[in-house]
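I opened the model to look up strand pairing in one chain and the domain layout in another. My entries follow.

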Amino acid sequence: MKKTKSKKRNKNEISLKGDSSGLFLEVMISIAVFLFAITLAGVLAINSMLSNWSDSILGALTVQIMPVNNIDQGKALEETLVHQNKTMEYLLNVEGVEDVKPLEEKQLQKLLQPWLGDSVDLNQLPIPRLLDVKLNKNAKIDFMGLSEKISEISSQASLDSHKLWLSKLIGFADGLRNLALVALSLVFAITSGAIVYATQTSLGLHRYVINILHIMGAKDTYIAKQFSRRTGVIAFIGGALGVAFAIPTIFMISKLSEAIEGGIISEAHLTEYSWAAIASIPVFYTMIAMVTAYYTVKRTLEKTM
Amino acid sequence: MQKITNKLNSVIFMQNVGLRYDKGPEILSDIKMSLKKGSFHFLTGKSGAGKTSLLSMMYLAQKPTRGSVSVFGQNVNFANRDNLAMLRRKIGVVFQDFRLIDHLTAFDNVALPLRISGMDEREVKQRVNEMLEWVGLSRNINSITSTLSGGEQQRVAIARAVINRPELLLADEPTGNVDNDIAFKLMNLFVELNKLGTTVVIATHSEKLISEFNYPRLHLQNKGLRIYYPKDDTGLEKEDEKD
């Protein structure tokens with residue numbers, strides 16, 4: 001019986017499947033992936049909502065100067081313009097403000113044309129003046145503080161209320177996102193811990209096999225790789241099942257939120273990158289399980305001779 | 001100088017070996033022995049005398065608490081893990097409890113040592129089939145081992161131990177679960193392997209087997225080891241004081 005060494009090794013030299021510990025690990029991983037996918041989808045949706053809202057208030061701002069009440073329209077206009085100039089002067093010195101321009105008469109006329117027609121002299125009417133404020137997109141502006149300051153500078157000036165309301169909502173959503181990130185981290189920590197524990201438990205049941213292979217002369221890395229590979233296959237199947245359940249669930253929730261027409265939740269949709277991120281979750285959990293399996297086996301063997 | 005030559009020529013060489021588990025008392029004390037290449041020994045002693053522990057040091061599952069053990073000329077205290085693994089590949093072990101992997105077939109269990117050593121799958125198939133046929137299990141090649149009888153499992157365990165043509169074969173009560181006919185058949189298999197150059201140590205309680213096969217006996221008693229050689233004509237044994 002002549003012994004010949006093969007040039008290439010069989011990738012799956014030892015069949016380690018066919019026991020219940022693998023099923024336990026598979027179920028644990030599918031639950032972990034499902035939970036993480038749902039949480040991640042929530043975080044990504046909040047993120048996309050925030051990004052949509054932020055885009056709508058970034059870069060530009062409108063300040064409204066209410067007309068001063070005076071029977072003499074000439075004086076009223078003069079006083080209004082004083083308020084406008086004071087506000088402009090202040091705004092130009094605010095960090096993050098790149099430019100401030102009052103809306104020209106022509107533009108105002110164009111805006112009011114549907115209601116007032118073409119032949120109206122705006123200077124004779126008590127209409128608000130508008131300041132178009134150009135912002136640096138990267139500037140972090142405290143809209144609430146700015147609104148208060150503008151009101152202090154000029155009793156007639158105020159920030160566009162929609163944007164102010166949106167900025168408050170963004171503040172709330174930002175907090176919600178941070179909370180969701182904490183939840184995501186916790187879910188990740190708990191599910192990873194569960195997978196590490198399940199992998200170790202599964203391998204604990206295989207200690208017998210590890211010892212047999214060890215006594216037969218298998219090297220530590222060889223045994224560790226065999227178990228790591230087997231665990232990887234189980235983990236990937238479990239992960240794929242978890243994602244297979246998670247995707248329709250997320251899709252359903254997403255469709256339900258879209259049904260709320262014009263509502264703020266409808267902004268919380270998932271991009272194709274978000275779906276790709278969700279679909280790739282099993283890969284990460286498979287890696288966790290494989291690395292755990294590898295080092296658990298190595299550690300088990302290091303305790304032996 | 002004589003000691004060094006002994007050590008180098010021996011498959012197993014033990015010098016002042018002691019073994020204890022945790023903080024318990026020594027179960028083996030001052031063991032000295034030298035097993036020459038191609039020798040055949042029975043290992044005897046009462047239950048609890050330390051036969052399994054002594055074997056476990058021989059198949060490199062246990063380091064001695066004191067003293068030195070050399071296997072194939074290599075002191076196990078100084079060998080690294082990869083070297084120990086390579087030494088283990090030269091040793092075939094038949095365990096009292098078989099230690100088969102229950103969810104694998106007879107074929108896959110017997111193929112384990114060959115696959116571990118990286119043999120080509122075609123050759124693995126050929127050699128395993130031949131071996132299973134030789135031990136009378138050609139009908140059970142694809143049977144899951146947990147479904148086999150005790151005797152069949154024992155033969156699978158023996159086939160796995162010898163498939164790699166080990167230089168050292170250690171067997172712990174290898175005939176304990178089979179009837180006399182199969183026991184003698186298996187013993188003849190070990191004798192054949194021994195004739196091909198394999199050093200064999202068989203732990204047994206069976207006086208019948210020991211008297212039938214005329215080989216030296218390593219006897220464990222009072223934590224120590226004595227070697228007895230059979231007397232050719234009378235069947236009486238004499239103690240060898242040299243070892």
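In what order do the four strands of the open sheet in chain B stand? I read the order as β2-β1-β4-β5, with antiparallel pairing. The edge strands are β2 and β5 (74-75) of chain B, and each pairs on one side only.

Ground rules, noted early. This is a predicted model, where local features need pLDDT of at least 70, side-chain atom pairs count only at pLDDT 80 or more, and totals for chains, interfaces and linings use all residues. Residues are numbered from 1 along each chain as its sequence is written, while chains are lettered from A and ligands numbered from 1 in the order in which they are written.

I looked up β1(B) and β2(B) next. Strand β1 covers residues 10-20 of chain B and strand β2 covers residues 26-36 (strands are DSSP runs of E, at least two residues, numbered from the N terminus). Seven bridges pair them in the antiparallel sense (pairing takes at least two DSSP bridges). I checked B:V17: its bridge partner in β2(B) is B:I31. The two strands form a hairpin with five residues between them. In that turn, B:D22 has a positive phi of about 50°.

Then I turned to β4(B), residues 66-71. β4(B) runs antiparallel to β1(B), and five bridges join them. I found B:I12 bridged to B:V71 in β4(B). B:Q15 stands opposite B:S68 in β4(B).

Last, chain A. Chain A is divided into domain 1 (20-55 + 170-302) and domain 2 (59-136), with bounds from an automatic or database domain assignment. I noted that the C-alpha centres of these two domains of chain A lie 55 Å apart.
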